[in-house]
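Student: Please take a close look at the metal sites of this model. I would like them described together with the spaces and helices that form their setting.

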Amino acid sequence: MKQSLINLLPPATVAAIWAFWGVAPAAWTQGPWAIIAVGLGTLAFVQLLELVFERHEGWRINGRELLTDVFYVAFGYGVIGFLSDTLVNGPLGELKEAWGIGTPWLAASPFLVQVLVVMFVFEFGQYWMHRAMHNWTPLWLTHAPHHHITQLNAMKGFIGNPIELFLISLGITALLDVNLNALFAAITAGGAIATYAHANVRADPPIWYGYFFTTIRNHSLHHTALSYEDTRCNYGNSVIFWDRVFGTYKEGESEVVGQDDRKRLSIKEQWLFPLRPWLEKRKTAA
Ligand SMILES: [Zn+2]
Ligand SMILES: [Zn+2]
């Protein structure tokens, strides 16, 4: 396939997802499994693309990486999804009812406007949360495991310490009046962009796409192994536009990713990472 067509894969995927939620028959989009099918289907599709249009040989998926990634995807969909729904989205929805907060203008807007508003509002919060994680040590200790991954693949966005995964799932979109299909379109399109932004796929989308949305170029630079200081740019998980607005956008890419000595962490090490300073102190004291 011609490189110029490969480069169109991310925008084409996003457009297909928006179109699915916007125009597919209700029988397809309704029901609790539709959003899971689109989410997991996109992940599987991009993971398969890695086999056909590889970006870097050093990032090639293997059994151990795949197993860890699948574990985290299941953990994200199951545990993290449950926690953010019960602890945050549910109560926010009740608060919205009790206080009579509403955004009826949004629900009355065209479908694509609703989708974009949800995506940009959610990513606005995500941007500041992610930036705070790179600026305050206690938060960094929860986020560092995501930066210790030594290669990028389709499912790598799901990898991290559970505390970080919970924090990064938080948002205020439950306060918005929005068409359910538009909400699902925003979630799954944002997921697709973040998936491509972590994937070992040789697709460099056109400038107009990369102006608003995160690409593998800019996100691989955020994962650079050069130094911790060099990772402090391109915070947008799927909407890089906020980096441009708030001055943290940096052009470039990185093939060598990881942190410190680039040692790959096990799941146990990822989960215990925030306790590291304390564990090390205890070790030297003993
Ligand atoms: Zn980061
Ligand atoms: Zn990442």
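Tutor: The account below begins with the conventions, then treats the metal sites, and then turns to the pockets, the cavity and the annotated spans.

The model is predicted, so local features need pLDDT of at least 70 and side-chain atom pairs count only at pLDDT 80 or more, whereas totals for chains, interfaces and linings use all residues. Residues are numbered from 1 along each chain as its sequence is written, chains are lettered from A and ligands numbered from 1 in the order in which they are written, and side-chain values rest on heavy atoms, with hydrogens and water left out.

The zinc ion (ligand 1) is coordinated through the NE2 atoms of His130, His134, His143, His147 and His222, at 2.0 to 2.2 Å. Donors here are N, O and S atoms within 2.8 Å of the metal (3.2 Å for Na, K and Ca), and sites may look incomplete because water is not among the atoms. Along the sequence, these donor residues follow the spacing H-x3-H-x8-H-x3-H-x74-H. His143 belongs to helix H8 and His222 to helix H12, so this pair ties together parts that are 79 residues apart in sequence. Helices (H or I, at least four residues) and strands (E, at least two) are DSSP runs, numbered from the N terminus. His143 is buried at a relative accessible area of 2%, and His222 is buried at 0%. Buried means under 20% relative accessible area, exposed over 50%, and partly exposed in between, with a 1.4 Å probe and protein chains only.

The zinc ion (ligand 2) has four protein donors, the NE2 atoms of His146, His198, His219 and His223, which lie 2.1 Å from the ion. The spacing of these donors is H-x51-H-x20-H-x3-H along the chain. His198 in helix H10 and His219 in helix H12 (residues 216-222), 21 residues apart, link distant parts of the chain. His198 is buried, with 1% relative accessible area, and His219 is likewise buried at 1%. The angles among the four donor atoms run from 85 to 164°, and the site of the zinc ion (ligand 2) is irregular. Four donors count as tetrahedral if all angles lie between 85 and 135 degrees; four count as square planar and six as octahedral if opposite donors are over 155 degrees apart and all others between 65 and 115; anything else is irregular.

Helix H10 also appears in the linings of the spaces. The largest pocket holds about 1,600 Å³, and of its 49 lining residues the closest to its centre are Phe122, Phe158, Ser169, Ile187 and Gly191. A pocket is an open set of points on a 1 Å grid over the protein atoms alone, with protein on both sides within 12 Å along at least five of seven lines; a cavity is a set where a 1.4 Å probe fits but cannot get out; lining residues have an atom within 4 Å of a point. Grid points are joined across faces, edges and corners, and a volume is the space filled by probe spheres set on the points. Helices H4 (33-52), H5 (63-99), H7 (111-133), H8 (137-147), H9 (162-169) and H10 each supply at least two residues of this lining, and H10 gives the most, with eleven. By class, the lining holds 24 nonpolar, 22 polar and three charged residues. Ala, Val, Leu, Ile, Met, Phe, Trp, Tyr, Cys and Pro count as nonpolar, Asp, Glu, Lys and Arg as charged, and the others, Gly among them, as polar.

There is one cavity of 30 Å³ or more, and the largest cavity encloses about 60 Å³. H10 (residues 180-198) gives the most to its lining, with three residues. Nine of the lining residues are nonpolar, two are polar and none is charged; among them are Pro10, Ile193, Tyr196 and Thr214.

The second largest pocket, of about 230 Å³, is lined by three nonpolar, no polar and six charged residues. H15 gives the most to this lining, with five residues.

The UniProt annotation (unreviewed entry) "domain: Fatty acid hydroxylase" covers residues 115-248. UniProt positions are given in the numbering used here, feature names are shortened, and annotations may be inferred rather than shown by experiment. Over this span the chain is 57% helix and 0% strand, with its end C-alpha atoms 25 Å apart. The same entry type, unreviewed, marks "transmembrane region" at 7-27, 33-53, 65-84 and 104-124. Residues 33-53 are 95% helix and 0% strand, their end C-alpha atoms 30 Å apart, and residues 65-84 are 100% helix and 0% strand, with ends 26 Å apart.
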